[in-house]
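Below are some notes on the two ligand sites. Please read them with the structure open.

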Amino acid sequence: MANVIIVGAQWGDEGKGKVVDIYTEYSQEVVRFQGGNNAGHTLVIGDQKTVLHLIPSGILHEGKRCIIGNGVVLDPKVFLEEIDGLRKKGYLKDDSQLMVDGSVNLIMPYHKKIDIAREQKAGAKKIGTTGRGIGPTYEDKVGRRGIRFADLLKPETFKRKLHEVLPEKNFYLEQYLGEQPLSEAAIIEEYLGYAERLRGYLGRASTTLERAVKAGHNILFEGAQGSLLDVDHGTYPFVTSSSTIAGGACTGAGIGPHLIDAVIGISKAYVTRVGEGPFPTELEDEMGEQLRTAGSEFGATTGRPRRCGWLDIVALREAVRTNGLTGIALTKMDVLSELEAVKVCTAYRYRDELLEEFPQDFDVLKECTPVYEEIEGWQKDISALETYDELPQQVQGYVDKIESWSGCPVVLVSVGPRRDQTLIRSNPFEIKS
Ligand code: GDP
Ligand code: IMO
Ligand code: MG
């Protein structure tokens, strides 16, 4: 038995969805533990592409239980649309495959409106959020004003909580953000309209997982966003509003840390970022454009072009430490195949200092410039290879260097978006018998 956490080791969009889909084969439960529909996780099976925002990426496997843990924030409209989309494609035939923890905080219409209006008001100082209401929802959760999934299933409780909170939201919307206030009756009508369809999904992640552990199941935890977007350890304030690192899986699902056997960080063979904030290895030139085109680097949630740059080992080491990574899954290696040379940042230069550790001070980070090592390119199509050993020596050399610089083994190399374009070196579920 092994329980495995998957996290993004960069600024999101590393290919977590693809790896979760692959690892679901070895697990019985797949659990999302933080974030909301700011996430966009892409799965490609054969020629069919599915993008999931809320529902765990194990859902395409029949008979696997997908759990939305208490740490997630949920927009009921998006959740129901996602269910309908999956059903249309022939997935999720059995509703008991899906469960939502009653403590999940709901994304309300005022959260979305505040998120968007604040960003507009901030102008050049904006965060570049996805506009899905994520930050405002987590603020209310921590501020003890949140409305939870279970509340929605008790109409009187829902109405009472909304009645208590809405005047403050409308005051803020009108007086500070210059927006129109929201109608209480309209929110009640919309949200209670969702309630009946949602009722059947109510459950409790913590007790369900306890039973799963007792039954000897393997559990897979699916992180959203990435380590550098973590609210504590990321490039604050240009972060998301949840604990994206592995520790978040324990609080976001209600399990103890001793139950975790492996933590796999997903990293691209280069780096991307959407939204604002520091990005030391960003390439704002033709090379960046080439990576964006070759890697189809456009957001799965907002469609925004992703900022692209070379792999950053300083940042990767940060992810290895904050998550306690036991393995790295290296994705999108095929995207680098055309290049004559590939660069990797192994340290930062800050004024006359050489930094090997990711600086905590935002002002320092902003001024850091990357120190690069150059790796010889391979200029061969690697997307149809079936085993790791068939990879060109240059690729294997690149992987060896990433392992030695980061201090963490590379357990998988992905050479294309499809399930079958994956070269597995070791399986984290096989570490315990
Ligand atoms: P996530 O948010 O971490 O799940 O990642 P996204 O789905 O937002 O972005 C990753 C994108 O890269 C998706 O379009 C995937 O289909 C694609 N992808 C994943 N792995 C590979 C790979 O090894 N090669 C290529 N070319 N594309 C990949
Ligand atoms: P997945 O799970 C990449 C970024 C936004 C913005 C910041 C805050 O697909 O990897 P938010 O809406 O969360 O308040 O935005 O975080 N962001 C992501 N970037 N991938 C994601 O998810 C992201 N989710 C949020 O672009 O910079
Ligand atoms: Mg994504």
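1. A polar contact here is a pair of N or O atoms within 3.5 Å. By that cut-off, lysine 332 makes one through a polar backbone atom, 2.9 Å from an oxygen atom of ligand 1. The model is a predicted one, and the distances should be read as such.

2. Two other residues make polar contacts with ligand 1. A polar backbone atom of lysine 16 is 2.7 Å from an oxygen atom of the ligand, and a side-chain N or O atom of arginine 306 is 3.1 Å from an oxygen atom of ligand 1. On its own, ligand 1 has 580 Å² of accessible area, and the protein covers 92% of that.

3. Ligand 1 occupies the second largest pocket. Its shell has 20 residues, with Lys16, Gly40, Thr42, Asp334 and Ser414 the closest. By class these are 5 nonpolar, 8 polar and 7 charged residues. Helix H1 (16-23) and strand E3 (41-45) each contribute at least two residues to the shell.

4. Ligand 2 is also surrounded by 20 residues, of which Asp13, Lys16, His41, Thr130 and Thr240 come nearest. The class counts for this shell are 7 nonpolar, 10 polar and 3 charged. Domain 1 (3-94 + 204-430) and domain 2 (105-200) each supply at least three residues.

5. Which atoms of lysine 16, valine 274 and arginine 304 approach ligand 2? For lysine 16 it is a polar side-chain atom, 2.6 Å from a ligand oxygen. Valine 274 uses a polar backbone atom at 3.1 Å, and arginine 304 a side-chain N or O atom at 3.0 Å. The protein covers 98% of the 550 Å² of accessible area that ligand 2 has alone.

Note on methods: Residues are numbered from 1 along each chain as its sequence is written. Chains are lettered from A and ligands numbered from 1 in the order in which they are written. This is a predicted model: local features need pLDDT of at least 70, side-chain atom pairs count only at pLDDT 80 or more; totals for chains, interfaces and linings use all residues. Side-chain values use heavy atoms; hydrogens and water are left out. A residue is near a molecule or strand if one of its heavy atoms lies within 4 Å of it. A polar contact is a pair of N or O atoms within 3.5 Å; within protein, one must be able to donate a hydrogen and the other to accept it, and residues adjacent in sequence count only if both atoms are side-chain atoms. Accessible areas come from the Shrake-Rupley method with a 1.4 Å probe; for residues, only the protein chains shown count as cover. On a 1 Å grid over the protein atoms alone, a cavity is a set of points where a 1.4 Å probe fits but cannot get out, and a pocket is an open set with protein on both sides within 12 Å along at least five of seven lines; lining residues have an atom within 4 Å of a point. A molecule sits in a cavity or pocket if more than half of its atoms lie within 2 Å of its grid points. Helices (H or I, at least four residues) and strands (E, at least two) are DSSP runs, numbered from the N terminus. Ala, Val, Leu, Ile, Met, Phe, Trp, Tyr, Cys and Pro count as nonpolar, Asp, Glu, Lys and Arg as charged, and the others, Gly among them, as polar. Domain bounds come from an automatic or database domain assignment.
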